[in-house]
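Student: Could you take me through one part of this structure up close? I'd like to look at a single sheet and then see the chain around it.

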Amino acid sequence: MISGSMTPLAITDYTLTTCLGAGRAANWDKIERGETGLKPCDFFDISDLSTWIGEVAGVDQQALPASLAAYNCRNNRLAWLALQQDGFLDNAVRAIESYGADRVGVFIGTSTSGIHQTELAYLAARNQLPDWYHYRSTHNVFSVADFVQQALGARGPCIAISTACSSSAKVFASAYRAMATGLCDAAIVGGVDSLCLTTLYGFHSLQLVSPDKCKPFDRERSGISIGEAGGFALLEKTEDARLMLLGYGESGDAYHMSSPHPEGEGALQAMQTALAKAGLASDSIDYINLHGTGTMANDAAESKAVAQLFGERTWASSTKGWTGHTLGAAGIVEAAFGLLSITHNLVPASLHLQQPDPDMHIALPRAAVQQPVRKVLSNSFGFGGSNCSLVLGERV
Amino acid sequence: MKIFIDAVGLAAPGLSSWTEALPVLRGEQAYEAQELDRYKPEQLPANERRRATDLVRMAFRVCEDLLRDNPVSIRRCAAVFASSGGDYPIIDQICKALCEPERLVSPTQFHNSVHNSAAGYWSIATGSRAPSTSISAFDDTFAAGLLEAASLCAIEQLPTILAVYDIKPPEPLQSKRPITLDFGVAFLLSPVESTRSLAQLTLTPAALAAGTPAQVEALEAMRLSNPAARSLPLLELIARRQAGQLLLDANNNPTTIVEVTPCP
């Protein structure tokens, strides 16, 4: 088990793009209004899945920079759309110029990267794939990290992390370690995952997709709504920033490929490690952004782990009722919601929660709560039992 | 950054385990290509073994080879699983299924399609709750995996297994991603030297430069034909207990200078 503390890292800029809109303001506006971004599934040509999705508007209208035309696929178009929000692209380029390109690392989480491009290539000609199809720059797991690195002009360490739904939470841990060992002085971390047939039909085959809008922690919850999103953050060693990465905790469930440990033991270990890294007791946390996918098993396991550490003392909500489960982008999206919660001193509601599951002994807000929020814990748990928790907020 | 290598696992055509490969890596025995047999992971419960794909079997093969003569407490080990493309055969099967009118993706295929499938099976098999991560950096995957694992090992002060592996894609993907042979390698990294330590590695980023070729001429083509096989020059130095410096070249990452010092 990981032990020891960490030196906090400044989060000097961040952005997110989800089905709620592009950029921080558009997303937070919908959170404050309590309006979901989910809609009945009309992705691609799908007519046989009765479910809801969180689709980002305008992805297919994005034109990539001409020099990166070979990277053109839904996932990289979404990455490009997300990079341009909130002035993030300009701030990242400025940081790269000031540190030197080879001193800035790029760490991007994704679950399926541009797999939809391969789906399209197979649908077009499954025996001999078409000439327009470029595996390396579209589908490969690394393609989105490669694209982001080139679009920004960074030249430091660059990897894609792909641990299913914890991918873009774990980028914070990898970036911290790379900065701590001197491989780079600053890092661009993020996550991008986009809608595709593989995840829509794949989660359907596991009977984890809800026919309704997802209702995390409700007694009548019936599964996930799949969403897509992109988000990024700039990490630096500056000491005077208000928003900081204070802790991270990673663990494995050692239990099952597609079900969480029923008692949430891996989840508990991830949260405990993140608090230990931050040097904080659980009562210092003002808000927990739960993984809260809306499946029976996930929410039950996560609530047990959260109840053990926090009981009903700390507000805990899932924002997936707004965005759907954005899979490999969930870590960065929900870290961003945590940071927005601190900025606005507002705990988001757990959207679509009507009748809380009586077996869950955690403090689930059915409406937003205005209160001081200084420190946030954000949970991301993935297939294969890959868990990651982050502690974000003001320096201790 | 300094770390120690305590054990090695290996699997490639004609290099069926680390021990079997030593004479070839030392240049004492000629290399002979020979296809690998289908591997049966020893640590996986029967139920999970049945579902394990060729890619997961490759990851287990090199991790289990590494553990064969090394009684380490595996539940304490962190792990980095690095593969440039993950499970090409599963991706092929899913994409073919999606071309059929019913679009029936099997649940097992789907959970095997995640890039961290080997990490998940490994955690189930070993009972380890230690952190693990799963990464890709396309053709830079070996160098990037080594840096990721060394950072994890050094910062968290945990023994860390690094497994790097890619298997041949089936057609039609093979023509778009021409990896022509299977290759897997695993290293047990330690933050401190022990009686088991084989070599100390010092890793330093450098400006772009050409990668160091394999010393054994017959292995140089292999080095270039699978991203995981970029490890061959390092394997040769460790096998020969030879001090030396080598360069791991990369496209999206800095070149890494690896300084190898054998441990007594």
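Tutor: Sure, let's zoom in on an open sheet of three strands in chain A, ordered β3-β4-β8 with mixed pairing. Keep in mind that this is a predicted model. On the edges of the sheet sit β3 (39-40) and β8 (226-227) of chain A, each of which pairs on one side only. Now look at β4 of chain A, residues 52-54: this strand and β8(A) pair in the parallel sense, over two bridges. If you want a spot to put your finger on, try A:Ile53, which stands opposite A:Ile226 in β8(A).

Okay, let's zoom out to the whole chain. Chain A has 12 helices and 16 strands. Its C-alpha atoms fill a box of roughly 55 × 50 × 40 Å along the principal axes. A compact globule of 396 residues would have a radius of gyration near 21 Å, and chain A, at 19 Å, agrees with that. Of those 396 residues, 67% are buried. As for contacts in chain A between residues at least 6 apart in sequence, 79% of them join residues at least 24 apart.

Last stop, the inside. The largest nonpolar core has 237 residues, and those touching the most other members include A:Val148, A:Ala187 and B:Leu162. Helix α7 of chain B (residues 141-156) gives this core its largest share, 10 residues. Take A:Ala187 as an example: leaving out residues up to four places away in sequence, A:Ala187 touches A:Val104, A:Gly105, A:Phe107, A:Ala175, A:Ala178, A:Met179 and A:Leu235.

Key. Residues numbered from 1 in each chain as written. Chains lettered and ligands numbered in written order. Predicted model: local features only at pLDDT ≥ 70, side-chain atom pairs only at ≥ 80, totals over all residues. Core = buried A, V, L, I, M, F, W, Y, C linked by C-beta atoms within 7 Å. Buried ≥ 20, exposed ≤ 12 C-beta atoms within 10 Å, placed from the backbone. Helix = DSSP H or I, 4+ residues; strand = E, 2+ residues; numbered from the N terminus. Contact = placed C-beta atoms within 7 Å. Rg over C-alpha atoms; globule rule 2.2 N^0.38 Å. Pairing = 2+ DSSP bridges.
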